Protein chains: 4
Amino acid sequence: MSINFRTNKSVSGRRRLLEKELTIDLPNIGSSAIDDTIARTRNCENMVGWTQIPLGVAGPLTITSMNDERLTMNYYLPLATTEGALVASVNRGCKAITQSGGTTVDSERVGATRAPVFDVKNVTGKKKLEEYVRRNMKALQKCAQETSGHCSLRGITLHNVGPYEYLRLSFDTQDAMGMNMATIAATSIYRYIEAQTGFRCISVSGNVCADKKPSAINTILGRGFRVWADVVIPKKVLMATLKTTAQNLYEVWMSKCMTGSVVAGSMGHNAQTANIVAALFIATGQDPAHVTGASCGTTIARVEDNEDLYLSILLSDLMVGTVGGGTGLATQKEALSILGISGGNNGKNSKLFAEIVGAVVLAGELSLLSSLAEGSLAKAHVALSRGKLQSTKF
Amino acid sequence: MSINFRTNKSVSGRRRLLEKELTIDLPNIGSSAIDDTIARTRNCENMVGWTQIPLGVAGPLTITSMNDERLTMNYYLPLATTEGALVASVNRGCKAITQSGGTTVDSERVGATRAPVFDVKNVTGKKKLEEYVRRNMKALQKCAQETSGHCSLRGITLHNVGPYEYLRLSFDTQDAMGMNMATIAATSIYRYIEAQTGFRCISVSGNVCADKKPSAINTILGRGFRVWADVVIPKKVLMATLKTTAQNLYEVWMSKCMTGSVVAGSMGHNAQTANIVAALFIATGQDPAHVTGASCGTTIARVEDNEDLYLSILLSDLMVGTVGGGTGLATQKEALSILGISGGNNGKNSKLFAEIVGAVVLAGELSLLSSLAEGSLAKAHVALSRGKLQSTKF
Amino acid sequence: MSINFRTNKSVSGRRRLLEKELTIDLPNIGSSAIDDTIARTRNCENMVGWTQIPLGVAGPLTITSMNDERLTMNYYLPLATTEGALVASVNRGCKAITQSGGTTVDSERVGATRAPVFDVKNVTGKKKLEEYVRRNMKALQKCAQETSGHCSLRGITLHNVGPYEYLRLSFDTQDAMGMNMATIAATSIYRYIEAQTGFRCISVSGNVCADKKPSAINTILGRGFRVWADVVIPKKVLMATLKTTAQNLYEVWMSKCMTGSVVAGSMGHNAQTANIVAALFIATGQDPAHVTGASCGTTIARVEDNEDLYLSILLSDLMVGTVGGGTGLATQKEALSILGISGGNNGKNSKLFAEIVGAVVLAGELSLLSSLAEGSLAKAHVALSRGKLQSTKF
Amino acid sequence: MSINFRTNKSVSGRRRLLEKELTIDLPNIGSSAIDDTIARTRNCENMVGWTQIPLGVAGPLTITSMNDERLTMNYYLPLATTEGALVASVNRGCKAITQSGGTTVDSERVGATRAPVFDVKNVTGKKKLEEYVRRNMKALQKCAQETSGHCSLRGITLHNVGPYEYLRLSFDTQDAMGMNMATIAATSIYRYIEAQTGFRCISVSGNVCADKKPSAINTILGRGFRVWADVVIPKKVLMATLKTTAQNLYEVWMSKCMTGSVVAGSMGHNAQTANIVAALFIATGQDPAHVTGASCGTTIARVEDNEDLYLSILLSDLMVGTVGGGTGLATQKEALSILGISGGNNGKNSKLFAEIVGAVVLAGELSLLSSLAEGSLAKAHVALSRGKLQSTKF
């Protein structure tokens, strides 16, 4: 059994070959009305059709950015998901946050990182290569710039163990998520270093990047964007909208996100950061494998003096973009337009997107922790299991 | 600004409200021909349309399962992705594995885990609750069974720190991924324990589960399915199909998946397990936030005496299902039918799916490690950046 | 330069060779009046003298064990240390705990673990070896027993990745810490398995043990003893003895042992468990490299309704013994006699020792957290730096 | 029961009170001929005598430092231990390394770190405090200098989560290990910041330091000294001295230090770094709780083309000093004089000591890995258990 997909280069043609080979029908996969020219030439080899994911909207969510003009804006949030209750959960969090005056967010562009690994043989080689890199930053920056006008080398951290020397290169890729650009620039840089020093690069990626693996280096040094978002929820909003108290929610947070994660040996000290990021990423054409970085988020709660609740989140490894990758596809581009940040804007769009992600994650944390404190999580799932998604109260 | 979505309960009606509010057009999000009855009632609240993801196919991939009948089968693999080169990369790995006689896979059903946390006050309370649980397993199993005929309690591990007692409940949920079932059953169990012992449950989930967070407890005790897959690639296949040697690939693996991950303080010792799982999960209606568990996979390489390459992967936290969640949606159901495992089959379909996921992850690892060893990763991305996806040689 | 120590087998003779070679004097290293027969034949090769460490005493500390007879006892605690303020700090913690009615401790004997690693080649070999082990537990237990009447195999957990199969063997070694016994028994077991199955053992230790490395497997499955200790400190004791409040101490604990350790990517969620264990271990002849396991301890605080403080510790990797190793040396044996647990007692002495260690660690945590809350840590160190150790108020 | 130690301030007086209270005899604890003036006033409160540890010597070990003059020197190594076989094991490693021309070491002074935690309330406060710190480095450096002429602030890294802001201060403390100095300087700094900004410091230590807890931040950013040491062992030395081959040792290393540690979820990727550091630290008056940092060391092996073995170690969290703490005690000072580095020397002694520690750790790794590869570990322990330590062949 083996289909030769090369005999037919159209999407429908390949699909028919597959249907024939497996004697199945794939009418829905083939039912899209969207033009597939970009998708089949830039996004997906051997394309046979389209997977369709329900797209819901939560919000509005009031967000104040600490950066630049410190604007306060309201956002509707596109969430592509097959998991009933997720949109409702985020929506409830948005409502409570917006009723509380909105969330404040701050962000830091760390940059797309790529870490080639060199064979330096031994301690002596390590010293030589490290000295070379420290003295030739300008030449290496020039290598990066020559690969793309949108890519600049921000910095390098050096990491050695035994014969292996890792150069963790950090790139500013403006509004692109930038891993492809970073790989191309890193390749140019390592080849230059090879030519100049004689040290051989073993691999353009040595996992010190660290791309799509939960990693302390990303938590500590950051990757992509680092985002903080927080809010104070007044006691009355807790009662009216979230049906709980600051003390009850705090107790859930403590035993779950803190001590529970400690017991589990977990790198994620949060309630459900991965859920929210997955839905936002799929809706907006991000790389969904980067959900991994978001799963390492940290959520912090505190009871304020007047029984208000302080809640915050930190994401240290958030790789997002508003150009390139899946962002140019028809439905994904429209989802970005719901957020008002489709396309390139000198890096401002990707940064604003990172901050929006942080804010929505905060809404998700608030809602799930409330639901757990209230004891209503199972109730929602029971309703769901009976097809009563619409009437579920969130 | 605030739209009242409740005034219009149709998908198109909500979309029009959003378009009007934001003065934007969302024609593509609204372009689907698929009936939205199930989606808007079971999978997604506030639904406004569909996100469409390109679906490609890789394969065939020859897989031999160590379980039961030890059948050898060929599979075509549905991959929903917006990341150019991914399908081609997997395809190349499938080709090399299949040329080498296929991969052998083994799996273990650990079960969907959910860990309620109780307030036991102190060491004395800990002892009491732990003794209660050990003596009343049958009653607790009955609680679980009463919530669903498809859900049975397999076991409980006890974890205490300070006043917090975590009962990590493991459920067999047959062909469903099962987190909703597990949550409902865990709720029934904790309420029973509360009634019987007087100890209060703080939260039905205490992160010792651990759900969608990278966690050592999942790596060590397992979660969902634990899957192993391996293959020996003969020297000639390495040369002809993968353009590399066992020694070169091994060196990349060592400096990247082993020492690189150590330097990064990473829980993922692999090349790109998250990428492959994300594409398979989105295509087949899995919960994409579970990509997190897959990102903790471990890849092991070894050079055999005759310069063949041994390669294996281990995924310890693989949550999959063939019924429930997004698996019933039109395009996702068809993707599962490509694998021949749509719907329920006494737990056999979910187990087979887990094994297929393991096998495809192996193909992805083989292909990327080869590409890194060959030095061709950037080349592929350069081609991609020029819109030349089709002609990229993989 | 090279001394041939074999030319002189007496301790003083070797020391003189060293003094001559380096033209230095080592009068204090040679000043001990203790007989060196046991030390130079069982504890230390190439012995040239003795290192002398100041031994202080803290206490009394009131401890109630949850095990067996639930006895309440008072203990004086031998602490060998060169770090000024340590004994005083522990002493203050003991005072506060004893004033509060003492600490309650519970313990679980997990056993000394040793994990040989086998080459099983592939998934097929993995299945074979695992089935063999599951079916032959009695034979393997017999192997262990034949190596020593004090050593019995309690259980085996199986861990596979790629061609490597780890058998984490857990042994009950009664009152001995037991690593030497465990290594001997593990050797007997792996050789038996090699002979029976043909699978080759690569190393008697494959780090899944995991011996003297901070490891999640020890935290989750335990190693040696797992010990819990807790106490409620009334508000008045907090004020009078510890000069702080429950709320202030809690805030320090939260920002340090919880969120601080999360930010640091730490496996230790405590204040100073390593300090206390190091001093107790050196005084009593334990293996000081096992301090590593203790550094992974978890400390939990909570404010009780009446502003009392609940404090607890958990140590999951505590390897201790009252016979063997350094416990038979003259001063170490006397230190154990201060605790009333010198020598063997059917495993009861080692278990009681583990519980005492847990209790003293709790005292150390209480004292340091109080000191940090009060802001007096630097004050103590300033006094110390001026040689005023005696007058430091603790 | 409660002894009032304050009634008698002499060491012997306290000991007699204890003996009387417990009706035991402590003649050996009281048998030291060393003057106790310094010990009882600076190192240990409530001192009742001395713990005596056997001191052995290994070596010579040939070490070439990459720093400064790149001197090659031979060292005898003082090891205080109660664990039979340890000195012999290190000795064998030293012999093989010295026969191979010695080890090359490199080191980097990262500095003693202390991380006060401030309450910044929220994202807005975070921004304010971080901007303050960035703009006032000179003033903060002045604060540090005023506390001690031996202490200078090298740098600060900022870490925020929720309301908690951690300032990881790094100090150069010359030849002192420096934690006390660092704590005093950090106190001065935080009080200055409190006065200037109004933000309250919750605790002078917030575990981002991270002191005596295994922590990724120490592995990634370093702490104290970071040390690399490596060696190439020729095939003939492997055969003659270590009774193994590069390939066999490599296989043990791979399955133990790499894949085994991955399976164990360990932060230590080594064989026995903690053992060696514990013995060296106790002999030389270091703080033995810092063994924790050394247990996180990484060992890397590689087979060279000609079947020689490359072996290296990396310690990233090595806190050592040659003045202060226990280094001034009689026997400890003599042990440092064996290494030729007793006392202060403008930071050169502590740096050299760190390099020596790295070199000895390498010797320990080489020896144990060889022993495991040869299968002789149990044999040594069997001999030991029969009191035949002297005749054990290492």
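Ala210(B) is located in a loop of chain B that runs between strand 7 (200-203) and helix 7 (216-221). In this predicted model, the peptide bond leading from Cys209(B) to Ala210(B) is cis, and its omega is near -20°. A corresponding description applies to chain D, where the bond from Cys209(D) to Ala210(D) is cis with omega near -20°. Ala210(D) is placed in the loop that separates strand 7 (200-203) from helix 7 (216-221) of chain D.

The overall architecture is described here for chain A, which contains 14 helices and 10 strands. The C-alpha trace of chain A extends over about 65 × 60 × 40 Å along its principal axes. For a chain of 394 residues, a compact globule would be expected to have a radius of gyration near 21 Å, and the value of 23 Å for chain A agrees with this. Of the 394 residues in chain A, 71% are classed as buried. Among contacts in chain A with a sequence separation of 6 or more, 72% are made by residues 24 or more positions apart. The exposed area of chain A amounts to about 12,200 Å², of which carbon and sulfur atoms contribute 47%. The charged side chains of chain A comprise 41 positive and 32 negative groups, and the centres of these two sets are 3 Å apart.

A hairpin in chain A was examined in further detail. Strand 5 (residues 152-161) and strand 6 (residues 164-172) of chain A run antiparallel and are joined by nine bridges. Within this pairing, Leu153(A) has Phe171(A) of strand 6 as its bridge partner. Two residues lie between the strands of the hairpin, and Gly162(A) adopts a positive phi near 55° there.

Strand 6 was also considered in chain B, where residues 164-172 form this element and include Leu167(B). Leu167(B) counts as buried because its relative accessibility is 1%, below the 20% limit for that class. When neighbours within four places in sequence are set aside, the contacts of Leu167(B) are with Arg114(B), Ala115(B), Pro116(B), Phe118(B), Leu129(B), Val133(B), Ile156(B), Thr157(B), Leu158(B) and Ile193(B). Glu251(B) is 84 residues from Leu167(B) along the chain, and the C-alpha atoms of the two residues are separated by 43 Å.

Positive phi values were also found at residues other than glycine. Lys243(A), which is not a glycine, has a positive phi of about 55°. Lys243(A) occupies the loop between helix 8 (235-240) and helix 9 (246-264) of chain A. In chain C, Asn346(C) likewise has a positive phi of about 55° without being a glycine. The loop that holds Asn346(C) connects helix 12 (330-339) with helix 13 (348-374) of chain C. Asn346(C) counts as exposed because its relative accessibility is 69%, above the 50% limit for that class.

A residue of intermediate accessibility was examined in chain D. Arg40(D) belongs to helix 2 (residues 37-43) of chain D. With a relative accessible area of 24%, Arg40(D) is classed as partly exposed, since this class lies between the limits of 20% and 50%. Arg40(D) and Met319(D) are 279 residues apart in sequence, and the distance between their C-alpha atoms is 24 Å.

Note on methods
Residues numbered from 1 in each chain as written. Chains lettered and ligands numbered in written order. Predicted model: local features only at pLDDT ≥ 70, side-chain atom pairs only at ≥ 80, totals over all residues. Heavy atoms only, no water. Pairing = 2+ DSSP bridges. Helix = DSSP H or I, 4+ residues; strand = E, 2+ residues; numbered from the N terminus. Rg over C-alpha atoms; globule rule 2.2 N^0.38 Å. Buried < 20%, exposed > 50% of the residue type's maximum accessible area, 1.4 Å probe, protein only. Contact = heavy atoms within 4.5 Å. Areas by Shrake-Rupley, 256 points an atom, 1.4 Å probe, with all protein chains shown as cover. Lys, Arg positive; Asp, Glu negative; His and termini not counted. Charge placed at Lys NZ, Arg CZ, Asp CG, Glu CD.
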